[in-house]
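Visitor: Please choose one part of this model for a close look, and then connect that part to the rest of the chain.

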Amino acid sequence: KFSRLHLQAESDVFKPVAVYIKDASSDVNIARQDNSITSLDIVTKTNNPNMRTNAVWLDPKKDASCDIKLGLTNVNINMIGGYGNGIAITRSDGTNNCTNTNKITVSGNLNIKGTDANGNEDWGIGANKLNALGKENSSGIFVDVNNCEVWVNGKANMDVYGNGVTVDASS
């Protein structure tokens, strides 16, 4: 019986994103009904230090609502190389206006931790070395769309070289 689901996205050309939901107009549940999978392990990897990515990305529709439910005991994120966001609600078209509520719910614990090539502790998400200040740096949780929510119902343990949480949905 498997208890872990491992997703790995790797690219040096395109943004490696493990879970990408675009323009959904209904809820998305990521869990097993029989609760046999208790942990979701997400790894994104790039050798491009200037590659921005998101491990879990909700790209919401302007006029619909969506709730991504990560119904697991643990969500573990490790982003190797590049920089970006662990959990993000951001629109790919660059606009930030949504008329309905969109949200991501982590039912259990959120862990953003990393290890280097030797197995030593390292940042779960690295720094944006070209712009280390403000919202363009890495974030554990990133939201830049109006009417959006991120809920973590367990513990949030994040080693991020940047911001723990960034919210910037000004119009």
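**From the first strand into the interior**

Guide: His6 is found in strand 1, residues 4–10, where strands and helices are DSSP runs numbered from the N terminus (E, at least two residues, and H or I, at least four, respectively). This is a predicted model, in which local features need pLDDT of at least 70 and side-chain atom pairs count only at pLDDT 80 or more, whereas totals for chains, interfaces and linings use all residues. Residues are numbered from 1 along each chain as its sequence is written, and side-chain values use heavy atoms, with hydrogens and water left out.

His6 counts as partly exposed because its relative accessibility is 46%, on a scale where buried means under 20% relative accessible area, exposed over 50% and partly exposed in between (1.4 Å probe, protein chains only). Once neighbours within four places in sequence are set aside, His6 is in contact with Asp41 and Val43, contact being heavy atoms within 4.5 Å. Ala18 lies 12 residues from His6 along the chain, and the C-alpha atoms of His6 and Ala18 are separated by 9.7 Å.

Ser39 is placed in strand 4, which covers residues 39–45. With 4% relative accessibility, Ser39 counts as buried. Beyond four places in sequence, the contacts of Ser39 include Ser3, Arg4 and Leu5, and Ser39 is also in contact with Leu72, Asn74 and Asn76.

Further in sequence, Val56 belongs to strand 5, residues 52–59, and is buried, its relative accessible area being 0%. Apart from neighbours within four places, Val56 is in contact with Val19, Ile42, Gly86, Ile87, Ala88 and Ile104. Trp151, which is 95 residues from Val56 in sequence, is 13 Å away in space, C-alpha to C-alpha. Ile104 is also one of the contacts of Ile68. With neighbours up to four places away left out, the other contacts of Ile68 include Ile21, Val28, Ile30 and Leu58, along with Lys103 and Thr105.

Asp23 sits in the loop between strand 2 (19–22) and strand 3 (28–30). The phi of Asp23 is near 55 degrees, a positive value in a residue other than glycine, and this residue counts as partly exposed at 35% relative accessibility. Asn147, in the loop between strand 13 and strand 14 (148–152), likewise has a positive phi, about 60 degrees, although it is not a glycine. Asn147 is partly exposed, with a relative accessible area of 43%.

The cysteines can be taken next. A disulfide here is a pair of cysteine sulfur atoms within 2.5 Å, and by this rule the count comes to zero. Cys66 is in no disulfide, the nearest cysteine sulfur being that of Cys148 at 9.9 Å; Cys66 counts as buried because its relative accessibility is 1%. Cys98 is in no disulfide either, and for Cys98 the nearest cysteine sulfur, again that of Cys148, is 5.0 Å away. Cys98 also counts as buried, at 1% relative accessibility.

A search of the whole structure finds two aromatic pairs, where rings of Phe, Tyr and Trp (its six-membered ring) pair if their centres lie within 6.5 Å, planes under 30 degrees apart being stacked, over 60 edge-to-face and the rest tilted. Trp123 and Tyr161 have ring centres 5.0 Å apart and planes at 75 degrees, so this pair is edge-to-face. The pair links distant parts of the chain, 38 residues apart: Trp123 is in the loop between strand 12 (121–122) and strand 13 (138–143), while Tyr161 is in the loop between strand 15 (156–158) and strand 16 (162–167). Trp123 is partly exposed at 41% relative accessibility, and Tyr161 is partly exposed as well, with a relative accessible area of 40%.

Finally, the chain as a whole. The protein chain has zero helices and 16 strands, and 45% of its 171 residues count as buried. Among contacts in the protein chain with a separation of 6 or more, residues 24 or more positions apart account for 83%. Taken along the principal axes, the C-alpha atoms of the protein chain fill a box of roughly 45 × 45 × 30 Å.
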